[in-house]
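Work through the three exercises below with the sequence and the model open. Each task is followed by a solution in steps.

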Amino acid sequence: MNTKTLNKIFGFLVAIITWIVFYKTLQPSVSFWDCGEVLAAANALQIPHPPGSPIYTLIGRIFAMLPIAENIAFRINLLSVTVSAFSALFLYLSIVKIIENYNGRSYKDIFDSLLTYLPAAIGALAFSFSHSFWFNGTESEIYATNTFVFTAIIYFGLLWNEKADQPDSAKYIFIIAYLVGVSTALRMFGVLAITPVVMIIVFRKYVDDEEAAKKTGYIFLAHAAILLIAAALMWNGETGTTAPSPEEYQNFDSKFKMILIGISAIIMGVFWKKLFNRNSIYIAIIIGVASKFIIYDGVVKKIPVVLGALAGDSTTLAFVLIVVLLAALGYGVYYGIKRNKPMIHVLSMCVMLIIIGYSSYTMIIIRAKQAPPLNENDPKSFSELVSYLNREQYGDWPTFKRRFATEPNQQGVYSNYSTDLDFLWRYQMNHMMTRYIVWTYGGRESWYQDAGPNIYPFNTIGNIFGKAFNLHFAGDAHNSFYGIPFLIGLLGIWFHFRKDWKMASVILLLFVFVSYLFAFYQNQQEPQPRERDKFYAAMGFVFAIWIGIGVRGLLTLPRRLFKGDIQLKFASAAILILAVVFIPVRMLQANYFEHDRSRNWIPWDYAYNLLQSCAPNAILFTNGDNDTFPVWYLQDVEGIRRDVRVANLSLLNTNWYAKQLKNKEPYGTPKVAIRFTDEQIDELKPIQWEPQLVTIPVPKSIYKQLGITDTTYSNKTSLTWKMDNTVVFSGVKAVRFQDLMVKEIIEANNWQRPIYFAVTGSDDAKIGLNDYLRLEGMALRLVPYKADRGDEFMDESILSQQLNNESVLTSKVYKPGFNFRGINDPSVFYDENQERLIQNYRNAFVRMAIHYRNVQENGKAIGILDQMEKVIPRKQIKIDYRLLFDIANIYKTCGGIRQYATASKEVEKAALKGLEDNPSDVTSYYNPYRLLIDIYETSKEYDKAINILSKLKGYYPNDASIQSQIEKYKFLKLHPDSLKK
């Protein structure tokens with residue numbers, strides 16, 4: 001066997017191992033967040049949220065048609081599995097080429113080649129079993145495909161570097177150009193690879209004096225350091241405690257850019273002769289950065305603008321213009337070949353291929369004109385496409401101003417951080433980036449949001465170094481890689497710069513682009529709705545290169561210690577075996593359980609249960625991604641409950657969505673009644689609003705329809721409620737676009753269709769109607785009356801069916817009965833988001849139990865709580881001890897003494913832990929002291945009650961009531977039968 005064949009075998013093994021592991025852990029259907037929308041778009045070539053991903057949608061449609069599984073979501077999920085396997089293959093091949101670039105491409109024998117191929121495989125599999133890449137690779141989202149295109153661009157750049165002297169080497173550049181064009185239709189992540197690839201080309205073709213190039217590299221580092229110092233000084237001066245206005249942050253951005261450009265101009269002017277020649281690293285970087293801007297600002301943004309200006313809304317004329325543009329570029333290719341002008345030939349060909357790759361965006365306009373059910377932004381013209389590409393519905397944000405949040409929940413960016421620099425360093429650069437790097441190849445503390453890294457058993461050492469980076473290391477052995485892959489990667493950087501500083505510089509710059517600069521560009525405010533590590537899979541790819549190089553570097557050490565061939569081979573084999581065990585094998589072992597989604601049906605079931613909470617022909621107001629996108633999937637792809645019209649509250653802040661609700665009838669579902677004209681909707685915006693009463697009429701027939709016979713309610717002919725303001729702008733009370741639309745839909749509907757709000761919605765989204773929302777499952781129905789004071793507001797008959805009649809066969813029409821598949825299966829992992837949504841089921845069970853207790857149906861109350869424990873066991877899905885305390889008391893009140901005893905012991909343990917963590921927690925309603933004393937009094941453990949009260953007295957020595965309680969329990973201890981009298 002020759003070494004080339006062996007290389008192919010290793011590459012195949014890396015790809016097939018990745019594919020098998022990802023296939024075995026694949027989500028069986030829809031996942032949460034954007035996946036439902038992505039699946040619905042791919043299945044029927046529809047338009048997802050901006051800026052879209054048409055190339056993914058087109059390929060996803062192909063996978064949807066494959067006759068390989070009954071579930072369409074599973075078929076499309078396989079796209080991510082497949083491209084992830086190819087990403088791992090490209091990474092393996094890339095590591096091999098990078099090592100061969102400095103170590104040589106010829107091998108003495110098979111063993112010598114293994115010293116390159118095995119480290120490359122170790123690095124590639126470390127990437128395969130890293131959290132973000134694995135997570136992306138087992139669901140239908142664009143990030144796995146995005147990573148695949150990125151890895152392919154890097155691989156073909158390295159392949160060109162190897163074959164640059166061959167006559168046909170330009171073909172690899174053409175492949176890169178096409179892939180860059182394709183990446184523009186995948187959120188443009190591949191564009192980040194352009195600058196490093198250009199650097200490879202410049203270094204390979206033009207640099208002929210390495211020492212001169214290295215000197216310009218030192219100047220570049222000093223240049224970058226000066227810019228960072230200047231930027232830090234400006235950010236440190238931003239000490240404001242309130243959100244800046246758009247004018248203020250735009251002025252700051254302008255000043256910031258002018259200062260940095262001015263400093264750069266001075267530096268480059270001083271070192272003009274050294275920096276602007278063929279041996280300067282500046283030339284490579286400038287060309288690379290310019291290429292990025294030409295592609296993004298030129299091709300992606302300007303071509304639709306120009307086409308819109310010239311062709312208007314004429315698709316035919318636009319097509320003609322595109323053909324003319326491609327013909328002009330084709331002539332450039334012909335001219336370059338005919339006149340022996342290789343630069344013109346290559347540039348014309350590259351631009352043409354980029355445009356062809358980008359051309360998948362024509363699908364957006366074509367399909368938008370067909371008005372599919374899912375048609376976000378309705379971009380049916382070039383002007384609307386520009387708005388779609390620019391993500392205008394999400395608003396604008398600054399580039400350089402760091403703190404700009406206006407959301408109420410994000411005001412901590414001003415109170416918790418002293419300056420913009422403080423926020424940038426502690427949160428944006430370290431909490432939202434450095435933490436992810438250490439997570440990926442060191443280990444993670446837990447799977448809860450904002451959890452820190454974990455290099456157990458070395459977390460103490462980690463915390464010594466982590467303080468400077470705002471990192472806190474914690475956790476046990478389960479999710480720790482012991483920091484070994486991370487440490488090997490750091491060694492790989494050192495080894496690489498020692499061996500090949502030019503390629504090492506390219507890889508380092510690539511790493512900075514896909515990690516810290518990308519985090520800087522996103523300018524995320526605190527808090528985020530979830531972890532954002534999925535954006536940084538490419539960071540894991542680059543760091544895995546260094547892991548491979550690090551292992552290869554360690555294999556050079558035995559050569560210094562052993563002279564004999566057998567000893568050398570034995571030592572090298574030992575290093576490789578240890579590297580395999582402690583890097584990919586350990587990462588696979590530590591991450592497998594949390595990444596095995598093969599039996600996780602929570603997203604599908606939650607969407608189904610939400611839809612089946614709505615009566616026929618209902619309007620359902622949903623809140624965010626997780627109660628909307630999976631529902632869209634079930635309706636669009638599987639045809640379940642298409643009679644329910646979903647109105648997403650976030651999207652109701654946009655005019656296009658309101659008009660779609662008003663004018664469209666997806667799958668024959670009736671339009672939503674809205675009295676505004678389209679022109680009025682276009683003019684809608686937040687308006688000044690003082691809290692006021694709103695009244696709507698109630699037809700008599702509605703009470704009969706709802707089964708209300710009590711004349712206390714049925715004699716009322718109107719519903720009046722107080723609608724408060726929902727936002728405040730500069731002290732002026734106002735309501736949002738969405739609030740006006742919710743009010744309009746309710747009024748215009750005139751009780752013709754049932755109206756529901758998902759239980760996940762916030763109170764301020766219900767425009768003051770909270771008292772009139774009756775629980776019927778995972779949704780609250782608007783009814784024209786309030787609940788009796790002190791009672792749980794629910795439809796007991798419907799809710800009982802939902803919770804007790806678990807669905808065996810799914811129904812496409814209204815049929816009460818929830819799915820709870822796998823919630824009680826200990827082999828299934830549920831992340832924080834899923835646990836939080838499952839609590840909504842618990843809440844329904846508990847409210848049902850409270851209702852039964854209130855009407856003195858104690859047996860039913862105990863039965864429904866027992867059913868809850870069967871469906872959602874506490875050992876599987878954690879429960880807050882304060883809620884468990886309330887559940888225990890329901891059991892106690894209703895006679896469930898055995899269940900009370902079990903639950904109260906769990907509460908006691910948790911409350912004692914809470915007391916240990918925060919002994920001064922006395923004032924909160926569920927403070928540990930109150931809970932423990934209640935439990936100890938019920939269980940007659942008076943010594944424990946006295947002990948707890950004695951601790952409390954230490955904080956409040958002059959409180960006579962505490963001493964009185966102590967005396968009470970001392971008496972009860974001596975006279976245990978006194979309570980019976």
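The model is predicted.

**Exercise 1.** Find the bridge partner of Val727 in β7, then place both strands in their sheet.

Solution. Start with the pair: Val727 is bridged to Ala734 of β7. Next, count the bridges: β6 and β7 (residues 732-735) are joined by three, in the antiparallel sense. Then set out the sheet, which is open and has three strands in the order β3-β7-β6, with antiparallel pairing. Finally, look at the edges: β3 (687-688) and β6 (727-729) each have a single partner strand, so one side of each has no neighbour in the sheet.

**Exercise 2.** Check the end-to-end span of helix α13 (residues 281-311) against the value expected at 1.5 Å a residue, then examine the helix along its course.

Solution. The expected span is 1.5 Å times one less than the number of residues. For the 31 residues of α13 this gives 45 Å, and the end C-alpha atoms lie 42 Å apart, which agrees. At the start of the helix, a side-chain oxygen of Ser280 comes within 3.0 Å of the backbone nitrogen of Tyr282. Further along, α13 has a kink of about 45° at Lys302, shortly before Pro304. Just after the helix, Gly312 has a positive phi of about 60°.

**Exercise 3.** Are the faces of strand β8 (residues 755-758) covered or uncovered, and which strands pair with β8?

Solution. Take the faces in turn: Ile755 and Phe757 are buried on one side, and Tyr756 and Ala758 are buried on the other, so both faces are covered, buried being under 20% relative accessible area. Now the partners. β1 (residues 619-622) runs parallel to β8 and is joined to it by three bridges, with Leu620 bridged to Tyr756. β10 (residues 779-782) pairs with β8 in the antiparallel sense, also over three bridges, and here Ala758 is bridged to Ala779.

Note on methods. Residues are numbered from 1 along each chain as its sequence is written. This is a predicted model: local features need pLDDT of at least 70, side-chain atom pairs count only at pLDDT 80 or more; totals for chains, interfaces and linings use all residues. Side-chain values use heavy atoms; hydrogens and water are left out. Two strands pair if DSSP finds at least two bridges between them. Helices (H or I, at least four residues) and strands (E, at least two) are DSSP runs, numbered from the N terminus. The bend at a residue is the angle between axes fitted to the seven residues ending there and the seven starting there. A polar contact is a pair of N or O atoms within 3.5 Å; within protein, one must be able to donate a hydrogen and the other to accept it, and residues adjacent in sequence count only if both atoms are side-chain atoms. Buried means under 20% relative accessible area, exposed over 50%, partly exposed in between (1.4 Å probe, protein chains only).
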